[in-house]
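The following report describes the fold, the surface and the charged pairs of one protein chain. Please keep the sequence and the model at hand while reading.

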Amino acid sequence: VETDAAYRIDKLNAHSPVISGRRRGSLALVTCFINFSGTVGALREVSNKAHNAELKLFLEVEYGVDLHPVPPPEKIKEDILLFFKLYDPEKEELRYIGRLFVKSSGKPIELIAKLNEMAGFTPDEEIELFEEIKFEPSVMCERLDKRASFRFSQIEDGDIICFQKQPPPEGEEKVRFPDVPSFLEYVKNRQIVHFRALERPKEDDFCLELAKNHTYDDVVEKVAQRLGLDDPSKIRLTPHNCYSQQPKPNPIKYRSVDHLLDMLVHYNQISDILYYEVLDIPLPELQCLKTLKVAFHHATKDEAVILNIRLPKQSTVGDVLNEIKTKVELSHPSAELRLLEVFYHKIYKIFPLHEKIENINDQYWTLRAEEIPEEEKNLGPNDRLIHVYHFTKETAQNQVQVQNFGEPFFLVIHEGETLAEVKARIQKKLQVPDEEFSKWKFAFLSLGRPEYLEDPDIVSSRFQRRDVYGAWEQYLGLEHSDTTPKRAYAASQNRHTFEKPVKIYN
């Protein structure tokens with residue numbers, strides 16, 4: 001038994017060639033004979049020295065002509081025990097074929113006839129021999145000089161020799177892996193990847209057998225071939241989050257990773273899932289553009305339109321609004337638009353026309369485009385533009401909390417205007433039936449605290465303070481039940497429940 005190195009004994013077959021051993025991290029089998037004078041416990045100690053929790057033994061029983069087991073041959077000092085595997089390039093199969101005792105001073109060429117007999121080849125078949133040295137962390141498999149002695153080639157007890165028919169000359173190869181080293185590299189690096197369409201992230205679309213060392217171009221080319229797509233650059237891939245079991249937020253940029261393995265690694269785990277999209281333009285071109293998802297609300301039509309606006313990154317909000325004008329129907333040709341940032345049913349920002357779009361985030365905030373009403377363009381000196389939000393009250397942990405919902409909007413209020421007059425304009429704007437509107441309550445809210453208003457109250461008197469954190473912290477609240485059907489996109493609302501029908505234009 002070899003006791004001077006780490007080892008692990010595993011099955012001698014093609015698809016699990018992980019048999020590690022002594023020098024150079026070799027795949028040598030540790031040899032043990034039935035007449036070994038030690039104990040299995042002694043072997044366990046050797047295994048523990050190698051920091052290995054398992055002790056795996058390779059057991060081979062040889063039967064004689066009477067089908068009774070025969071003892072192994074006597075091993076003298078110069079004998080070494082070698083294990084042999086046969087590789088078939090056409091079948092892509094590497095299998096254990098037997099073991100032989102040889103003299104360390106002998107040469108591989110002396111075994112050619114015997115190996116051909118074990119393989120079922122003709123006695124004079126030309127074969128190539130390779131020493132299978134290690135599999136981790138990288139494959140090492142070297143051609144064996146048939147005319148050099150085993151001792152000269154550092155072949156020792158338990159080493160594994162692979163052999164095959166002599167490969168055809170270069171250019172005549174019709175197999176994927178013509179020799180043992182290339183096949184072991186394939187076994188080491190092969191990876192089955194489950195591809196899912198990004199819009200259907202829960203179900204596999206197809207699987208591909210790839211290699212962990214495939215380049216970015218290799219991977220997208222294989223995917224394009226599978227999809228019947230002529231241009232692989234129109235494929236965009238997104239990695240998998242092993243913890244959330246969802247796509248990661250950011251897709252893989254064009255040629256930003258070197259190999260398939262880099263696409264699959266997530267916090268020291270290796271996933272076998274990738275998500276794909278088929279783009280309408282090549283990914284390198286798309287990466288030079290900024291894509292914004294904008295919900296456009298018609299001034300008179302009862303619907304919201306979701307637009308994907310794609311412009312160069314240095315474009316401005318003004319450019320976005322001009323692009324939107326070419327895609328939607330306006331109430332009149334000279335209508336002016338504005339772009340709002342909406343978050344949790346509150347308006348947080350009106351974007352300046354000159355602001356660059358490169359840093360605008362539409363992943364967490366809803367971008368809403370709308371026509372600017374004529375009344376807002378001609379504000380009097382004492383008129384105010386206020387925020388109007390829908391809300392309900394909920395009790396949580398013995399505390400009443402305000403919950404906003406639906407679509408927020410701006411409203412012009414005039415000096416001295418009563419709540420009754422403001423209510424009439426709101427009802428007309430939102431087209432709410434009398435029966436339903438009579439149940440609504442109106443409140444002035446500052447920092448989330450409602451102060452309910454009565455019809456004679458002057459609304460503008462409540463919006464005189466300037467010492468607030470932002471316009472959204474003071475608003476006119478419309479309290480009523482939230483009967484909204486929950487939609488995936490927050491910008492949609494309808495006439496009575498403020499969830500407009502949605503159309504999506506790409």
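## Salt bridges

Asp204 and Arg196 are joined by a salt bridge between their side chains, with an N to O distance of 2.8 Å. A salt bridge here is a side-chain nitrogen of Lys or Arg within 4 Å of a carboxyl oxygen of Asp or Glu. Asp204 is partly exposed at 38% relative accessibility, whereas Arg196 is buried at 13%. These classes rest on relative accessible area: buried is under 20%, exposed is over 50%, and partly exposed lies in between (1.4 Å probe, protein chains only).

The model is predicted; local features need pLDDT of at least 70 and side-chain atom pairs count only at pLDDT 80 or more, while totals for chains, interfaces and linings use all residues. Residues are numbered from 1 along each chain as its sequence is written, and side-chain values use heavy atoms, with hydrogens and water left out.

Side chains of opposite charge can pair when their charged atoms come close. Across the whole structure, a search finds 29 salt bridges. Three of them are set out below.

| Acidic residue | Basic residue | N to O distance |
|---|---|---|
| Asp204 | Arg196 | 2.8 Å |
| Glu355 | Lys349 | 3.1 Å |
| Asp455 | Lys423 | 2.9 Å |

The pair of Asp455 and Lys423 links distant parts of the chain, 32 residues apart: Asp455 belongs to the loop between strand E24 (449-452) and strand E25 (474-479), and Lys423 belongs to helix H9 (residues 419-430). Helices (H or I, at least four residues) and strands (E, at least two) are DSSP runs, numbered from the N terminus. Lys423 is buried at 19% relative accessibility, whereas Asp455 is partly exposed at 35%. In addition, Arg338, Arg368, Glu370, Glu376 and Glu407 are joined into one network by salt bridges that share partners.

In the pair of Glu355 and Lys349, both residues fall in one class: Glu355 is partly exposed at 21% relative accessibility, and Lys349 is partly exposed at 29%.

## Overall composition

The protein has 506 residues, of which 44% count as buried. Its secondary structure comprises ten helices and 26 strands. Contact means heavy atoms within 4.5 Å; among contacts between residues at least 6 apart in sequence, 62% join residues at least 24 apart. The protein exposes about 27900 Å², and carbon and sulfur atoms supply 49% of this area. Accessible areas come from the Shrake-Rupley method with a 1.4 Å probe, and for residues only the protein chains shown count as cover.

The structure holds zero disulfides, a disulfide being a pair of cysteine sulfur atoms within 2.5 Å. Among the cysteines, Cys207 is partly exposed, with a relative accessible area of 39%, and Cys288 is exposed at 54%.

## Helix H2 and its surroundings

Which residues of helix H2 (residues 112-119) are buried? They are Ile112, Leu115, Asn116 and Ala119. These residues lie on the same side of H2, because they cover an arc of only 100° around the axis, the arc being that of the directions from the helix axis to the C-beta atoms. The buried residues of H2 pack against four strands, namely E3 (79-88), E4 (93-103), E5 (127-134) and E7 (160-165). Gly120 follows H2 and has a positive phi, near 85°.

## Loops and backbone features

The peptide bond from Glu136 to Pro137 is cis, with omega near -5°. Pro137 is placed in the loop between E5 and strand E6 (140-143).

Leu67 is not a glycine, yet has a positive phi of about 65°. Leu67 lies in the loop between strand E1 (62-63) and strand E2 (69-70) and is exposed, with a relative accessible area of 67%. Together with Leu59, Val61 and Tyr63, Leu67 forms a nonpolar patch on the surface with about 490 Å² of accessible area. Patches are made of residues with over 30% relative accessible area and no salt bridge; like charges are joined within 9 Å, and nonpolar side chains (Val, Leu, Ile, Met, Phe, Trp, Tyr) within 5 Å.

The loop between strand E12 (246-247) and helix H5 (260-264) contains Pro251, which is partly exposed at 32% relative accessibility. Leaving aside neighbours within four places in sequence, Pro251 is in contact with Arg236, Leu237 and Thr238. The C-alpha atoms of Pro251 and Thr238 are separated by 4.2 Å, although the two residues are 13 apart along the chain. Arg255 is found in the loop between E12 and H5. Arg255, a residue other than glycine, has a positive phi near 55° and is partly exposed at 49% relative accessibility.
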